[in-house]
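Got your viewer open? Let's take a walk through this one together, one selection at a time.

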Amino acid sequence: MTSPSASSRKALSKIASNRLQKELVEWQVNPPTGFKHKVTDNLQRWVIEVNGAPGTLYAGETYQLQVDFPEHYPMEAPQVIFIPPAPLHPHIYSNGHICLDILYDSWSPAMTVSSVCISILSMLSSSTEKQRPADNDRYVKNCRNGRSPKETRWWFHDDKV
Amino acid sequence: MTFFLTTLATVRTVYRVVEVCCTDSDSFVFLAVADYFQNFDTSRQTNMDVSMEFAEQNRCLELAKSSAYYRRIYSEVEEVGWEHLLKLQEDLTFLSFRLMDKKGREHVLEITLDKTYPKCPPLVSADVPYNFNLEWSTDSKLRDVVRQFQEHMDKLQDFWYTLDDIDRSLWVTDPKQPHHAISYRQINIGNDCYIMLFISASDPQALPECRFMGSDKKVNLLKETWRRRCKHWMKDKPFPENLASVLDIQLPQPQHVQKNEEQIECGICYAQNLPIDDELGMKSGSGTDYKCENANCNRAFHSVCLGDWLRSITTTRQSFGVLFGNCPYCSDPVAIKVSLEAKC
């Protein structure tokens with residue numbers, strides 16, 4: 001269920017796997033606070049444990065992020081979703097999809113898995129109430145066939161949370 | 001826009017000609033034979049003939065003027081030495097020289113000229129913490145600009161010496177790519193604290209202005225120490241030694257290894273060399289060959305990687321085989337030649 005597009009994905013290009021290896025080494029030397037990379041031998045899919053930051057609504061809670069890399073990473077953004085159960089947040093759908101511009105239109109190769117993780121944690125930390133997006137049910141129903149969040153046309157309208 | 005007004009008298013007529021010169025397109029448009037006084041016959045035909053003849057005359061005048069301008073610039077560049085010339089714009093209104101100071105540091109002097117040069121003094125900019133006042137008269141030449149810049153550099157030797165000393169012996173975290181105009185340094189002083197130092201260009205060995213960064217508790221302690229011990233700052237001691245003695249701590253060493261790597265790795269694929277791959281044609285296995293021109297960014301890229309990225313986003317424009325977009329790091333404009341050989 002959580003790996004809809006895994007079988008149809010193309011293997012990483014030379015450039016992509018080279019860059020990911022370097023990112024992984026950098027992560028191991030200098031991991032972002034609050035995150036733990038679950039060691040696997042799959043470079044193309046990272047599973048990362050997120051700990052809610054102390055003093056925020058998500059303190060003491062643990063979630064899992066799944067990061068899938070496209071063949072031409074970093075020319076294309078990685079696909080980042082929460083493995084359900086996803087945190088209750090106005091920009092996170094119950095199927096784990098995250099409405100965050102840098103994962104889609106605003107991605108740039110200057111970003112890294114680590115910087116994306118920090119953005120997601122900061123999005124969680126600045127939330128003032130635990131609730132689902134208003135259109136959660138409709139959106140999740142539309143994604144039932146295992147659609148990737150990267151195929152969604154996102155509207156980024158809220159810059160507060 | 002500049003307007004010139006010339007008055008010309010011919011035998012029969014007095015024409016007032018307004019010549020409009022567009023500085024941005026360097027084309028000369030002449031507008032109007034605006035106003036004339038005639039004593040004799042005024043057939044339309046004659047008027048047109050005269051004005052066309054006049055246009056022709058003026059074009060020749062213009063060409064003569066610009067060729068004199070070109071000759072002057074070439075001979076003045078010659079005096080400075082072609083080996084110093086770094087850039088020369090096609091219409092010769094912008095040029096830059098690469099010059100060495102006494103200690104062999106490289107500097108780039110950029111000069112913008114007006115078409116009325118040398119009547120109008122050139123505009124000068126360089127990688128210095130503050131600019132010098134150009135002394136200019138109509139018989140001054142480019143070599144006088146260079147000489148005055150060299151004198152200015154001599155005055156700044158102590159300043160650069162101090163900064164080099166800091167860069168050599170302390171852990172500088174910002175600027176990542178220091179250049180000669182930047183007069184601040186952010187230094188990691190250990191214990192998760194940083195100090196931002198502002199070095200005075202005129203008195204670099206003096207107690208600098210500073211700001212501390214870190215947790216409130218630690219910063220307050222540091223400020224207290226600084227206030228108490230700043231009288232221990234001695235102008236004749238090396239800067240790093242002074243800093244350590246005022247802060248009363250051992251300062252961490254610089255992190256050389258990391259710095260070197262950053263300069264040559266591509267900001268997109270993170271590798272120094274592209275993979276060996278037939279698809280890349282001539283570029284297969286080559287190193288980074290493009291640098292962001294923003295001096296504060298200076299990120300290196302493989303033009304192949306940057307080109308691939310620019311092609312993958314919709315905001316990039318392409319014109320005559322050049323891709324125009326923005327640096328993924330600093331968003332400043334970048335332009336990449338589309339390499340044909342990579343595609344064949």
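Start by selecting residues 35-38 and 45-51 of chain A: these are strands β1 and β2, joined by 4 bridges and running antiparallel. Keep in mind as you look that this is a predicted model. The two strands, β1(A) and β2(A), make a hairpin, with 6 residues between them. Which residue faces His37(A) across the pair? Click on Ile48(A) in β2(A), and you'll find it standing opposite. If you're wondering what holds such neighbours together, strands of a sheet pair through backbone hydrogen bonds, either parallel or antiparallel.

Next, pick Cys99(A), which carries the annotation "active site" in an unreviewed UniProt entry. Cys99(A) sits in the loop that links β4 (79-83) to α2 (113-125) of chain A. Is Cys99(A) buried or exposed? Cys99(A) counts as buried, because it has 21 C-beta neighbours inside 10 Å, and the cut-off for buried is 20 or more. Now add His91(A), Pro133(A) and Trp154(A) to your selection: Cys99(A) is in contact with these three, leaving aside its neighbours within four places in sequence.

While you're in chain A, try colouring by confidence. The average pLDDT of chain A is 89, and 93% of the residues score at least 70. Then select residues 1-7 of chain A, where the pLDDT is below 50. In the model, this stretch has 5 contacts beyond near neighbours in sequence.

Now hop to where the two chains meet. Chain B gives 12 residues to the contact and chain A gives 11 residues. On the chain B side, those residues divide into 8 nonpolar, 2 polar and 2 charged.

Stay with chain B for the last stop, an open sheet of 3 strands. Their order is β14-β15-β16, with antiparallel pairing. Why do β14 (317-319) and β16 (333-337) of chain B each have one side without a neighbour in the sheet? Both stand at the edges, each with a single partner strand, so one side of each is left free of a neighbour there. Turn the sheet and look along it: the twist averages 25° from one strand to the next.

Zoom in on β14(B) and β15 (residues 322-326) of chain B, an antiparallel pair joined by 3 bridges. Here Gln318(B) stands opposite Leu323(B) in β15(B). Finish by selecting helix α7 (residues 303-312) of chain B, which packs on the sheet and touches β15 and β16 of chain B. The direction of α7 makes about 110° with that of β16(B).

Conventions: Residues numbered from 1 in each chain as written. Chains lettered and ligands numbered in written order. Predicted model: local features only at pLDDT ≥ 70, side-chain atom pairs only at ≥ 80, totals over all residues. Contact = placed C-beta atoms within 7 Å. Nonpolar A, V, L, I, M, F, W, Y, C, P; charged D, E, K, R; others polar. pLDDT = per-residue confidence, 0-100. UniProt positions renumbered as here; feature names shortened; annotations may be inferred. Buried ≥ 20, exposed ≤ 12 C-beta atoms within 10 Å, placed from the backbone. Pairing = 2+ DSSP bridges. Axes fitted to C-alpha atoms, helices over the stretch in contact; angles between N-to-C directions.
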